[in-house]
Amino acid sequence: MQSNCTSLCLDISPLTGGNVAFSTLEGRPSAYNFDNSPVLQDWVTATDIRVTLSRLNTFGDEVFNDPKVLKSYYYAISDFAVGGRCKCNGHASECVKNEYSKLVCNCKHNTEGDDCSVCKPFYNDRPWRRATADNANECLPCNCNGKSAECYFDQELYRNTGHGGHCRNCADNTDGPNCERCLDNYYRDASGQRCLPCSCNPVGSLSTQCDNSGRCSCKPGVMGDKCDRCQPGFHTLTQAGCRPCSCNPAGSTQECDVNTGRCQCKDNVDGFSCDRCKLGYFNLDSQNPQGCTPCFCFLHSTVCESADGYSINTITSTFNRDDEGWKGQQRDGSSVPVHWSASSQEISLISDDYFPMYFVAPAKFLGNHLLSYGQNLTLNFRVERRDTRLSAEDVVLEGAGFRVAVPLIAQGNAYPGEQMQTFVFRLHQTTDYSWKPMLKHGEFQKLLHNLTSIKIRGTYSERSAGYLDNASLVTARRGPGTPARWVEKCNCPQGYVGQHCGQCAVGYRRSNPELGQYSPCEPCNCNGHSDTCDSVTGMCNCQDNTAGMSCERCKDGYYGDATVGSSSDCKPCPCPSGATCAIVPKTKDVVCTNCPAGTTGKRCELCDDGFFGDPLGTSGPVRACRACKCSDNIDPNAVGNCDRETGECLKCIYNTDGFFCDRCKEGFYGNALAANPADKCKPCSCSPYGTVDRQTTCMQVTGQCQCLPHVTNRDCGACEPGFYNLQSGKGCERCNCNPIGSTNGHCDIVSGQCECQPGVTGQRCEHCEVNFFGFSSSGCKPCDCDPEGSRTAQCRDDGYCECRPGFVGIRCDMCEENYFYNRSTPGCQQCPNCYSLVRDKVRPVLLNMTLIQNIRNTVDNTGTLADKARNRVREAEKLIDRAREELDKAKDAISKVDIKTPTTAGDPNNMTLLAEEARNLAEKHKMEADQIEKTAKDANDTSTKAYNLLKKTLDGENKINSDIDELNKK
Ligand SMILES: [Ca+2]
């Protein structure tokens, strides 16, 4: 502190009584900075006053330096007064007496002390300072967040934060300068008011400190707020944390028991680490929610493994070209059309009503699909309208007597909408896949092993359509590709073989063949006669001449008890080859039971009824028994049909006869060998009148009876045309009908009356009836004579009636020339004579003219008849030519017939047939000859007729000539 000097008393005067006043502050040039100057503040708290007398005024004596003189000068100080005031550092404005009556400051600004020189307890937030004119610098309280009432000033804290109040003894487990945080290993509770202990598990925690929410930080694999347990997938809490579960990811959920580390396996998986399939399961597969697939093995084995050599195969329908054989069906099974769209390459069904329609999968999706077990059926589907009503049976599988179904939305599939969506259905029985009804795995596999139907519901509302595309079914096949590990290879128990134990091993058979491959196999039971049997049928491969399913009997041709089990159980039957035998229980006799066809007897030594021969050669060479050959003309039910030794047929029926019943019996005819009995032999029924000697027999084949002369028909029951009187018994008599007067030369077969032309009469039609005339080939004409003018009703041959006098005209119905009809006197009256003169002259002339006309007509007629005669002759010639040709042919045919000498005496069939053929030929030839003969006769008759006509004509001509001569003479 620099001295603040005064020079008041430095002058000569006053030499005495001078008054010196001194203030510590007043007058100091730095007094304005008192508040900021601690030196100055210290300065004013002076505790000692030193007065220094530094220079004595001697008025020049000092120059002489005479001590005596100098000693006469001196200093003197009197009346020394010192003033002061309370020092309160600016924090008090008054001083008061304390308990010891000492003046102390009455402190404000949270200060205390006699001179307010310190802050009150808990007001230590900043350091104590003097109050100044500008700033009270009061002491501030500590911030202990209500958790403490004690604090101290912390210089370090103050420098860092500007708040030096450091709390002490924080409550509620708090800590920090302001009790603002929790103690170590404590955390603030939810209310924020208090701190709670972390309680971290010392083993599982990385530290004892937790976070604000009380959560401890855990060691690897440890979890929980207090780090007191293992995380999922970890186990066994130690100082190193939890150890990760060592679980097979394919077989487990990758979690394990927290205490033991044992893994949690999928349904069909086993083992500490879930690394192996349970017994009865195989193919540990991470894709399989159950882990392993149950062994099928036709339910015969529970041990199997994945088979090698199979690859994934997907059966699909993409509808790129057509509907690929998909069909539509209603619930009742009736079919409905499936529509295939070429543009969108999908198929659809359209409903009329609310009854559902189903898409039915084609054959390639069906059959044995055991290898699809656990695999997916996938399809794309959409509906026309989202107005869908799902059912429990939207996808249906059928097979092996089972039927399972799921709704379309099962297995996590979405609702069908207007956009194509993919629907996936896993073919597996577990409840996860919702197939109803619930089946056991073996049943589900059985269903797939014989899958007969896949139906997918196509319509879900009324008058709406459903569209299907990209149907696919995952299965497996042998061959290269992506391996299909889900195909089993069974480890079969004894008695079973095959990949799926589907076959019985050698020496085993099905105990219940109806169950097929599902049937258990049991050892073959062959009564000791075979080591093997058919695995399917169980039929033993019998040895030792045994037979039967289990070789339980002797095979045909052997006898004995096969069940004894020795190789000599069965002995050969003492019977002809092929026969079986049996032992008669009572007599123990061996009797042949199944003699060769046609033989009988205890040793098959006899021919059976209906057979003939000598099987054992008892009366000559051995002749096997053969069936009697009776041309089917015996009653098969009759006994004794043929001679057992010779074979002669003894009981021919159907009117047949002969050694072999091969011809008709006497009095019958026809084809004894015809197939139909009705076509066989018919009675001859020969007419007794027309048949020679009244015979009752006839030709074997044609049935022609032997007829008397001029008798005809098969049964000789009729006369030839132009003959009659069959009843005479001597043959028929010629009718001798007049060829002109009769119609056809025929006559009544009994009376012989010829059939006449109209107007003709007489037995032979040889003359006109009474009152008829003009006998000619067209018959006779009625005379029609006028009764008045005619003498009689009968006219002449030329038709002219015989007139009474005066009448004239063919019918006499006119009056003669020069006669007149008088009504009053009946008849024609003569005119006067002059009239008759003229008449007499004219008459001869007219007569001649008539004659000439007649001649001309006759000549014309003769020419026509001659032509006819010539034609007939020509026809006859042709017929004769034809007959000659036929005869030539017949000769030819006969030359070709090769009648073989019979090779064996006992084969008459051949001969019968040949005889038959010959007979037929002969009959045919006879018929042809008859025909020719008749034709020739006809021709002859015609010629005769023509000749007669010609002769008659010529006779007529001669007569006319003579007439003309006569006329000329006249
Ligand atoms: Ca398609």
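Helix α4 is mostly covered in this predicted model: of its 9 residues, 7 are buried. The buried set is made up of H441, F444, Q445, K446, L447, L448 and H449. As for what does the covering, β22 (293-294) takes part, and so do β31, β32 and β34.

Three of those strands belong to an open sheet of 6 strands, whose order is β26-β25-β29-β34-β31-β32 and whose pairing is antiparallel. The edges of this sheet are held by β26 (335-336) and β32 (402-406); each has a single partner strand, so one side of each has no neighbour in the sheet. Helix α4 (residues 441-449) packs on the sheet and touches β31, β32 and β34 (451-457). Its direction makes about 100° with that of β32. At the other edge, β26 pairs with β25 (residues 327-330) in the antiparallel sense, over 2 bridges. One residue pair can be picked out here: Q329 has S335, in β26, as its bridge partner. As general background, strands in a sheet pair through backbone hydrogen bonds, in either a parallel or an antiparallel way.

Just where the chain heads into α4, there is a backbone detail to look at. P437 sits in the loop between β33 (421-426) and α4, and the peptide bond that leads from K436 to P437 is cis, with omega near -5°.

Another loop, the one between β30 (376-383) and β31 (395-399), carries R386. How buried or exposed is R386? With 13 other C-beta atoms within 10 Å, R386 comes out as partly exposed, because a residue needs 20 or more such neighbours to be buried and 12 or fewer to be exposed. Once neighbours within four places in sequence are left aside, R386 is in contact with G417 and E418. There is also a longer link along the chain: R386 and A465 are 79 residues apart in sequence, while their C-alpha atoms are separated by 10 Å.

Two non-glycine residues with positive phi also turn up. F122 has phi near 70° and is placed in the loop between β4 (118-119) and β5 (150-153). F122 is buried, since 20 other C-beta atoms lie within 10 Å. D632, for its part, is not a glycine but has a positive phi of about 65°. The loop in question for D632 runs between β50 (623-627) and β51 (656-657). Here the count is 17 C-beta neighbours inside 10 Å, so D632 is classed as partly exposed.

Hairpins come next. Strands β11 (residues 205-210) and β12 (residues 216-218) run antiparallel and are joined by 2 bridges, with S205 standing opposite C218 in β12. The two strands form a hairpin with 5 residues between them, and G214 in the turn has a positive phi of about 90°. In a second case, β15 (residues 234-238) and β16 (residues 241-244) pair in the antiparallel sense over 4 bridges. T238 faces G241 in β16, and the hairpin that joins β15 to β16 does so through 2 residues.

On the scale of the whole chain, the division is into domain 1 (1-84), domain 2 (307-492), domain 3 (502-572) and domain 4 (736-781). The C-alpha centres of domain 1 and domain 4 lie 225 Å apart. The UniProt record, an unreviewed entry, places the feature "domain: Laminin EGF-like" at several stretches, including residues 142-197, 198-244, 524-572 and 684-734. Over residues 524-572 the chain is 0% helix and 16% strand, and 26 Å separates the end C-alpha atoms. For residues 684-734 the figures are 0% helix and 16% strand, with the end C-alpha atoms 26 Å apart.

Finally, a word on confidence. The chain has a mean pLDDT of 85, and 94% of its residues reach 70 or more. Residues 901-907 are a stretch where pLDDT stays under 50; for this stretch the model has 3 contacts beyond four places in sequence.

Note on methods: Residues numbered from 1 in each chain as written. Predicted model: local features only at pLDDT ≥ 70, side-chain atom pairs only at ≥ 80, totals over all residues. UniProt positions renumbered as here; feature names shortened; annotations may be inferred. Contact = placed C-beta atoms within 7 Å. pLDDT = per-residue confidence, 0-100. Pairing = 2+ DSSP bridges. Axes fitted to C-alpha atoms, helices over the stretch in contact; angles between N-to-C directions. Domains from an automatic or database assignment.
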